[in-house]
Amino acid sequence: MLGDGFHEIPSGKVAMIVTYLEMTSPAPISTTPLPKDVTFRKVNPDVAWYRDVFDRVGRNWLWFGRRKLSDEALKAAICDSQVEVYTLSKDGQDEALMELDFRQPRACELAYFGLTQPLIGTGAGRALMNRAITAAWARQIDRFHVHTCTIDSQQALAFYLRSGFRPVKLEVEIDDDPRVTGILPSEAAPHVPIIR
């Protein structure tokens, strides 16, 4: 356990505060429609599709966990029968990632949720969250949960709170900076300083 005060983060590392959130009954759904010319669909993802969308959605927020997986490990995770993957498409391009993980008994994790830049600010995020809540609670679950962190979009935590999730736990995570290890390019997430 970390004591009170400041704690130096070693060079080549990145630190974040992770907020865990949950809802234990379905939150009210707003009437936000999808933007014009945007379509919603369930995906049977292959590794190449997933890596492309994951990178375009998450690069600015240092999403790196799935980038560290081998193709075999990633395929096992995203093609599991208890994992559902969805996207939003605009002009023939998939521009969102929503991943629901039902592998824990009577629970659903919103494992990944995000939009690419062309959809941010269009109302697509709210419309996609409505679909996430509906799909999660269509199953026999007691808990729908998600986590976000301080290097994610600055809008993420407030968005999850407005969506009906409530915070239940905080953690400090320290990991190798993916821009130092080469998993992500050095220009990714310019809002997070690189300490070499």
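I count two strands as paired if DSSP finds at least two bridges between them. The model I am reading is predicted.

**Strand pairing**

I started with strand 1 (residues 13–23) and strand 7. Six bridges join the two strands, and they run antiparallel. To fix the register I looked for a facing pair. Leu21 stands opposite Val146 in strand 7.

Next I turned to strand 6 and strand 7. Three bridges pair them, in the parallel sense. For the register here I noted Ala107, which stands opposite Arg143 in strand 7.

I then traced the connection. Strand 6, helix 3 and strand 7 make a β-α-β unit, and the unit is right-handed. A reminder to myself for reading side chains: in a regular strand they alternate between the two faces of the sheet.

**Salt bridges**

I searched the whole structure and got 16 salt bridges. I wrote up three of them.

Asp94 with Arg41 came up first in my notes. Their closest N and O atoms are 2.6 Å apart. Asp94 belongs to strand 4 (residues 93–94) and Arg41 to strand 2 (residues 38–43), so this bridge ties together parts 53 residues apart in sequence. Are the two partners buried or exposed? Asp94 is buried, at a relative accessible area of 10%. Arg41 is partly exposed, at 34%.

I then took Arg59 with Asp55. The closest N and O atoms of this salt bridge are 2.9 Å apart. Arg59 has 28% relative accessibility and counts as partly exposed. Asp55 has 15% and counts as buried, because the cut-off for buried is under 20%.

The third entry is Arg139 with Glu84. I read 2.9 Å between the closest N and O atoms of this salt bridge. Which parts of the chain does the pair tie together? Arg139 sits in the loop between helix 3 (124–137) and strand 7 (143–149), and Glu84 sits in strand 3 (residues 83–90), so the bridge ties together parts 55 residues apart in sequence. Arg139 is partly exposed, with a relative accessible area of 29%. Glu84 is buried, with 11%.

I also checked for shared partners. Glu22, Arg143 and Arg166 are joined into one network by salt bridges that share partners. I had already met Arg143 in strand 7, opposite Ala107.

**Aromatic rings**

How many aromatic pairs does the structure hold? I found 10. I took down the details of Phe54 and Tyr112. Their rings are edge-to-face, 5.1 Å centre to centre, with 75° between the planes. The pair links distant parts of the chain: Phe54 is in helix 1 (residues 47–58), Tyr112 is in strand 6 (residues 107–115), and 58 residues separate them. I looked up burial for both. Phe54 is buried, and Tyr112 is buried too.

I then looked for rings that group together. Phe113, Phe144, Phe159, Tyr160 and Phe165 form one aromatic cluster.

**Charges over rings**

Last, I checked for side-chain charges over ring faces. Arg131 lies over the face of Phe40, 5.2 Å from the ring centre. Lys169 lies over the face of Tyr20, 4.5 Å from the ring centre.

Key. Residues numbered from 1 in each chain as written. Predicted model: local features only at pLDDT ≥ 70, side-chain atom pairs only at ≥ 80, totals over all residues. Heavy atoms only, no water. Phe/Tyr/Trp six-rings, centres within 6.5 Å; stacked < 30°, edge-to-face > 60°. Helix = DSSP H or I, 4+ residues; strand = E, 2+ residues; numbered from the N terminus. Buried < 20%, exposed > 50% of the residue type's maximum accessible area, 1.4 Å probe, protein only. Lys NZ or Arg CZ within 6 Å of the ring centre and 35° of its normal. Salt bridge = Lys/Arg side-chain N within 4 Å of Asp/Glu carboxyl O. Right-handed = clockwise from strand over helix to strand, strands pointing away.
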